[in-house]
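This report describes the pockets, sheets and salt bridges of one protein model. The sequence and the structure come first.

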Amino acid sequence: MLVSSFSYLENLRKYFRGVAFFVTLFTSLLQADLECSGDSHVSAVAETNSITQTSLRATPTPLIVACYNVENYLTMPRWINGRFRTSAGKPETQKQAIATILATLHPDIIGLMEIGDLRQVHDLERHLHHVGLDYPYSEYLQGWDKERHLLLLSRFPLVERHSQAMIPLLVNGKTEHSPRGIIDVTLEPKPNVRLRLIALHFKSKIPVPDYDQAAFRAAEAHYLKSYVQRIMREDPKTYLLVMGDCNDTKNSKPLFTLLGNSKKPGLLQALDLRDDRKESWTQYWKEADEYSRIDYMMVNTRLAPFIIHEHSGIARPASWREASDHCPLFSEILFQQNASLELPPALSE
């Protein structure tokens, strides 16, 4: 009986030892499977992240171009706090308002009208720096007008410069000169893609005794049309954007000269830019109590397909009048992966 009991216990011990073995084996196999599954998951995540990162790197970055008449950013006679001063700079509050408005757009390139001498340029750059806007490349142009000049600021190097400072014009049989000339530069915002930019500021509507101011702007437009024709004739593949203050409405002779009409389109087309209320005026002329569209961004047919219209417009925050009598225009350009990467040939001087 005792032997039988020992035999029973021995068999029972062997049984539980066998159960423990299989439990250990099953646990080991399960853990190995989980580890393998975990490695596979990590690998899949890593691969997905790699694909995502590659996709992000391959996504083209939009280019934002702005155009802004900053209204007498210079030293001149002014009324300051109810007192007339024979020589005063643009008030500090107006300078800060300009910088704040541009900071909301965060443009890569800015074309500016009515900037003063180089001291004013550096002053503007300081104000822009304070709101996080830095532009290492620039083109500053002084034309016939000794006070109001053109300025272009860019995040990208200027690979070509063809600006025209002194442009002779025939106005009513008399030779005159374009007050501001035209800035003409070529940038390379991405490898092997070049964008040519022209910034301008036509003669104002303020009457002068020497000539008809309307005829003067017509002569400026005629010159610009011929200039654009030469650019496109030399290289039809040029991506061209023309921007600035034309000091005339769309139904005027200068704009007709540049844009043509539905029956006979010109080489340029004006972007249909509007503010958040779908209004298109760009300037308020206080003396005439007149709101009008006199600032434009115009592109050639080569560049037109790359304009992102839903992200382009007229910036009109509540504080716009504190900065200038104009509102800035902005346009987003997105060169897709299938865009032609051919470089235009160097233009002759």
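By class, six nonpolar, three polar and four charged residues make up the lining of the second largest pocket. Ala, Val, Leu, Ile, Met, Phe, Trp, Tyr, Cys and Pro count as nonpolar, Asp, Glu, Lys and Arg as charged, and the others, Gly among them, as polar. The model is a predicted one, in which local features need pLDDT of at least 70 and side-chain atom pairs count only at pLDDT 80 or more, while totals for chains, interfaces and linings use all residues. Residues are numbered from 1 along each chain as its sequence is written, and side-chain values use heavy atoms, with hydrogens and water left out.

**Pockets and cavities**

Both kinds of space are found on a 1 Å grid over the protein atoms alone: a cavity is a set of points where a 1.4 Å probe fits but cannot get out, a pocket is an open set with protein on both sides within 12 Å along at least five of seven lines, and lining residues have an atom within 4 Å of a point. Grid points are joined across faces, edges and corners, and a volume is the space filled by probe spheres set on the points.

The second largest pocket is lined by 13 residues, of which Glu71, Asn72, Arg78, Trp79 and Gln94 lie nearest its centre. Strand E2 (76-80) gives the most to this lining, with five residues. E1 and helix H6 (320-323) each supply at least two residues as well. Helices (H or I, at least four residues) and strands (E, at least two) are DSSP runs, numbered from the N terminus.

The largest pocket has 27 lining residues, and Glu114, Ser204, Ile206, Gln283 and Asp325 are those nearest its centre. Its lining divides into seven nonpolar, eight polar and 12 charged residues. Strand E1 (63-73), strand E14 (283-285) and strand E15 (290-292) each supply at least two of them.

There are three cavities of 30 Å³ or more. The second largest cavity is lined by Ile167, Leu169, Ser178, Gly181, Ile182, Phe202, Glu220 and Tyr223, of which five are nonpolar, two polar and one charged.

| Space | Volume |
|---|---|
| Largest pocket | about 600 Å³ |
| Second largest pocket | about 290 Å³ |
| Second largest cavity | about 50 Å³ |

**Sheets**

Two strands pair if DSSP finds at least two bridges between them. Axes are lines fitted to C-alpha atoms, for helices over the stretch in contact, and angles run from 0 to 180 degrees between N-to-C directions. Contact means heavy atoms within 4.5 Å.

One open sheet has six strands in the order E5-E6-E4-E1-E18-E17, with mixed pairing. Strand E5 (137-141) and strand E17 (307-314) are at the edges with a single partner strand each, so one side of each is left without a neighbour in the sheet. From one strand to the next the twist averages 15°. E1 and strand E18 (residues 329-333) run antiparallel and are joined by five bridges; Ala66 stands opposite Phe330 in E18. H2 packs on this sheet and touches E1, E4 and E18, with its direction at about 170° to that of E1.

Another open sheet of six strands, also of mixed pairing, follows the order E7-E10-E11-E12-E16-E13. Strand E7 (158-161) and strand E13 (268-270) are its edge strands, each pairing on one side only. Direction ignored, its neighbouring strands are turned by 25° against each other on average. Strand E10 (residues 182-190) pairs with strand E11 (residues 193-201) in the antiparallel sense over seven bridges, and Thr186 has Arg196 in E11 as its bridge partner. Helix H4 (residues 213-234) lies across E10, E11, strand E12 (239-245), E13 and strand E16 (295-300), running at about 170° to E11.

**Salt bridges**

The count of salt bridges comes to 16, each being a side-chain nitrogen of Lys or Arg within 4 Å of a carboxyl oxygen of Asp or Glu. One of them joins the side chains of Arg155 and Asp108 (3.4 Å, N to O). Arg155 lies in the loop between strand E6 (149-154) and E7, and Asp108 in the loop between helix H2 (92-105) and strand E4 (109-115), so the pair ties together parts that are 47 residues apart in sequence.
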